[in-house]
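Below are some notes for a colleague who works at the bench, set out as numbered points. Please read them with the structure open beside the text.

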Amino acid sequence: MTAQILDGKGLAEIIRAEIKEDVARFVAETQVQPGLAVVLVGENPASQVYVRNKEAACVKAGMKSVMRRLPTETTTEELLALVAEMNADPTIHGILIQLPLPKGIDEQRVLDAIDPEKDVDAFHPENVGLISQGRPRFLPCTPYGVQQILVRSNIETKGKRVAILGRSDIVGKPMALLLLQKGIGADATVTVCHSRTENLAEILREADIVVAAIGKPEFVTGDMLKPGAVVIDVGINRVEKDGVDENGAPIKVSKLVGDVDFESAKEVASAITPVPGGVGPLTVTMLLLNALNAARRQTAAAQASK
Ligand code: NDP
């Protein structure tokens, strides 16, 4: 069996076109342009790429992008002051602090200081609580993107066994919360695995859907999967692979791979996301959707209070 490739890049383009239309309609109706602020502290090269992608996607969707770059030596107090300024700015509807923050900054304090109505990453405890109660304000971007891949590819989750690898607050845990809610793209029976899980391969082999988010290159191999399973690979890992130069001489090539060994997994799975071009493009897309929804909510609240 060779798996269907779930084209996240193509799906992201479709959803971004929908968002662009919705933004244009919203601006025409309200004369308010949704604004997303992205804060980057320090020089992390991967973060710089992510931030540039977010900024470009935001502008392309017709939203205002506010980019704030701060030096590595920024203090927690200085960052808190910037968050307070952005919380009070009515032209900024969503605030994203690019993680990881440099060592020495109290990440939790900074994230907790974001107005929950502007918390488009859905990391604030109030938003996490609402998600866990099944009445979300915003959904966290990466798990939301994974759910969109499943729903829009007509992959049934109701009653299915899902194994999630990874229990981070950004991916694994909220992914589990989304899939075990009632409704479309949910109603699953969820097992969350982590570094202390025993008999991991046994658990994976029972799963109809596997979501891998552990940050370990090509960890999940075809022999760990149930034949016909759907595999969603969240991992993004840069590795050195053997290659050849233009003269055929062996060289090391830098390459992005997921947490799943794509070559062996695609022979066992019924559908699989590639890396790159799978989950990644959806994450930025769902951020745009959250920013639009934040603008809708804040504009409605401002009108109601007039
Ligand atoms: P974290 O490092 O925060 O969490 C990793 C999780 O994997 C932990 O829960 C850890 O367990 C678990 N884990 C590590 N090793 C194993 C193992 N051998 N077996 C089972 N579980 C293991 O990572 P993130 O959740 O932030 O990210 C995961 C991956 O997803 C990374 O590659 C990251 O780059 C990528 N990512 C991709 C995004 C996208 O848009 N596509 C967005 C966000 C992340 P424990 O808790 O016990 O330590």
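1. The lining of the largest pocket draws at least two residues from each of α1, α2 (45-60), β4 (94-97), α6, β9 and α10. Among these contributors, α2 gives the largest share, which comes to seven residues. Please keep in mind that this is a predicted model.

2. The volume of the largest pocket is about 1300 Å³. Its lining comprises 46 residues, and those closest to the centre of the pocket are Tyr-50, Thr-142, Ile-236, Gly-280 and Thr-283. By residue class, the lining of the largest pocket divides into 26 nonpolar, 13 polar and seven charged residues.

3. Helix α6, which supplies at least two residues to that lining, deserves a check on its geometry. For its 12 residues (141-152), a rise of 1.5 Å a residue predicts a span of 16 Å, and the end C-alpha atoms of α6 are indeed 16 Å apart, so the expected and modelled values agree. Just after α6, Asn-154 takes a positive phi of about 55°.

4. How many of the 12 residues of α6 are buried? The count is 10, so the helix is largely enclosed by the rest of the structure. The buried residues are Cys-141, Thr-142, Pro-143, Tyr-144, Gly-145, Val-146, Gln-147, Gln-148, Ile-149 and Leu-150; of these, Thr-142 has already appeared as one of the residues closest to the centre of the largest pocket. The cover over the buried residues of α6 includes the helices α1 (8-30), α7 (172-179) and α10 (279-304), together with the strands β7 (209-212) and β8 (230-233).

5. Gln-148 in helix α6 may be taken as a worked example. Its relative accessible area is 14%, and because the cut-off for a buried residue is under 20%, Gln-148 counts as buried. Leaving aside residues up to four places away in sequence, Gln-148 touches Leu-11, Ile-15, Ser-153, Leu-282 and Met-286.

6. Strand β9, another contributor of at least two residues to the lining of the largest pocket, also belongs to a hairpin with β10, in which five residues lie between the two strands. β9 (residues 237-244) and β10 (residues 250-257) run antiparallel and are joined by eight bridges. Within this pairing, Glu-240 stands opposite Ser-254 of β10, while in the turn Gly-248 has a positive phi of about 85°. When inspecting the side chains here, it may help to recall that in a regular strand they alternate between the two faces of the sheet.

Definitions and conventions:
Residues numbered from 1 in each chain as written. Predicted model: local features only at pLDDT ≥ 70, side-chain atom pairs only at ≥ 80, totals over all residues. Heavy atoms only, no water. Helix = DSSP H or I, 4+ residues; strand = E, 2+ residues; numbered from the N terminus. Expected span 1.5 Å × (residues − 1). Buried < 20%, exposed > 50% of the residue type's maximum accessible area, 1.4 Å probe, protein only. Contact = heavy atoms within 4.5 Å. Pairing = 2+ DSSP bridges. 1 Å grid on protein atoms, 1.4 Å probe; cavity = no way out; pocket = protein on both sides within 12 Å on 5 of 7 lines; lining within 4 Å. Points joined across faces, edges and corners; volume = space filled by probe spheres on them. Nonpolar A, V, L, I, M, F, W, Y, C, P; charged D, E, K, R; others polar.
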